[in-house]
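This report describes the structure shown below, beginning with its overall plan and ending with one of its pockets.

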Amino acid sequence: MKRFVYIVVIILVLCVATFSFVKYADSERDRNRSNDGVQPRDEFLTDNPHVGAPPLSKSSTNAPYTSKSSEDILLINTKNPLPKDYRPEKLVNLYNQRIKHFQLAKTDIEVSEDVYQAMDAMFAAAQKDGVRGFIITSGYRSRGEQKMVFSISADGFAAKPGESEHETGLAFDVIAYGNESFELTPQFEWLAKHCAEYGFIIRYPKGKEDVTGVPFEPWHYRYVGTPHAKEIMDKGITLEEYLEQQ
Ligand SMILES: [Zn+2]
């Protein structure tokens, strides 16, 4: 009888030991899994896309334009027309986005995806500063649309087809609600001061007509990415002069 009790006790001890070991192994596995480099989902749900998110590789199609070198900046003017087979980067229709910080003059305005993200951040910041009433009047234009704009515009006022930045999806035109001359508006004043922080430049500045070949256009903004835009706007130079210096 004593021997029987012994055997039962030994079996019980073995059972408890095995159960404890299995539990320990399970918890170790869970711990390792959470350290695999996979962040908890909540960390991605932040306003700042760079917090918690893995760095975007340069080769990624979604890489921010800011990571591009100056060699990748497209220079488009009468001397540097776009190739006939040029295709813009991925475009988004602004009307289909949930835009809150600016208005649209029409429903078919498209810009490149990077440009839309930068516009959204920029006009949100303007709104925060109490500057509202921006109306986007133009974005991407196909070669055919640019042909039409050119044909109905006065001489020299619109770029020839193939020579317009609007054919890239990297530029937009903006006006201010209720104002005739955009140059005199607080909206222009804000953009001139802050657009570079969001990667945009005034592409055809005042006093640089001889360099750009285009009269001053306070309404036309071109996306080149933040570091390039800051240098261009800080120095008060044109894209032509900036690329020459590189
Ligand atoms: Zn324009």
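## Overall plan

What pattern does the chain follow when it is read along the sequence? The pattern is α-β-β-β-α-β-α-β-α-β-α-β-α-α. The secondary structure of this predicted model comes to 7 helices and 7 strands. The chain has 246 residues, and 35% of them count as buried.

## The sheet

An open sheet is formed by 5 strands, which stand in the order E2-E4-E5-E7-E6 with mixed pairing. Strand E2 (103-104) and strand E6 (200-202) are found at the edges; each has a single partner strand, so one side of each is left without a neighbour in the sheet.

Strand E5 (residues 171-176) is largely enclosed by the rest of the structure, because 5 of its 6 residues are buried. Strand E5 has pairing partners that can be described in turn. With strand E4 (residues 134-138), E5 pairs in the antiparallel sense over 4 bridges, and Asp 173 in E5 stands opposite Ser 138. With strand E7 (residues 220-223), E5 again pairs in the antiparallel sense, over 3 bridges. Here Ala 171 stands opposite Arg 222 in E7.

## Strand E7

Strand E7 also pairs with E6, in the antiparallel sense and over 3 bridges. Within this pairing, Tyr 223 in E7 is the bridge partner of Phe 200.

In which directions do the residues of E7 point? His 220 and Arg 222 point one way from the strand, while Tyr 221 and Tyr 223 point the other way. All four of these residues, His 220, Tyr 221, Arg 222 and Tyr 223, are buried.

## The zinc site

Which protein atoms act as donors of the zinc ion? The donors are His 166 (NE2), Asp 173 (OD), Asp 173 (OD) and His 220 (ND1), so that Asp 173 appears twice in the list. These donors lie 2.0 to 2.7 Å from the ion. Along the chain they follow the spacing H-x6-D-x46-H. Asp 173 is the residue of E5 that stands opposite Ser 138, and His 220 is one of the residues of E7 that point one way from that strand.

The angles among the 4 donor atoms run from 52 to 152 degrees, and the site is irregular. Why is the site not tetrahedral? Four donors count as tetrahedral if all angles lie between 85 and 135 degrees, whereas the angles here are 52 to 152 degrees.

Are the donor residues His 166 and Asp 173 buried or exposed? His 166 has a relative accessible area of 3% and is therefore buried, because buried means under 20%. Asp 173 also counts as buried, at 8% relative accessibility.

## The second largest pocket

The second largest pocket has a volume of about 500 Å³. Its lining is made up of 26 residues, and Phe 157, Ala 158, Ala 159, Val 214 and Glu 217 lie nearest its centre.

What kinds of residue make up this lining? The residues divide into 10 nonpolar, 10 polar and 6 charged. Helix H3 (residues 143-152) gives the most to the lining of this pocket, with 3 residues.

Notes:
Residues numbered from 1 in each chain as written. Predicted model: local features only at pLDDT ≥ 70, side-chain atom pairs only at ≥ 80, totals over all residues. Heavy atoms only, no water. Donors = N, O, S within 2.8 Å, 3.2 Å for Na, K, Ca; no water. Tetrahedral: all angles 85-135°; square planar, octahedral: opposite > 155°, others 65-115°. Buried < 20%, exposed > 50% of the residue type's maximum accessible area, 1.4 Å probe, protein only. 1 Å grid on protein atoms, 1.4 Å probe; cavity = no way out; pocket = protein on both sides within 12 Å on 5 of 7 lines; lining within 4 Å. Points joined across faces, edges and corners; volume = space filled by probe spheres on them. Helix = DSSP H or I, 4+ residues; strand = E, 2+ residues; numbered from the N terminus. Nonpolar A, V, L, I, M, F, W, Y, C, P; charged D, E, K, R; others polar. Pairing = 2+ DSSP bridges.
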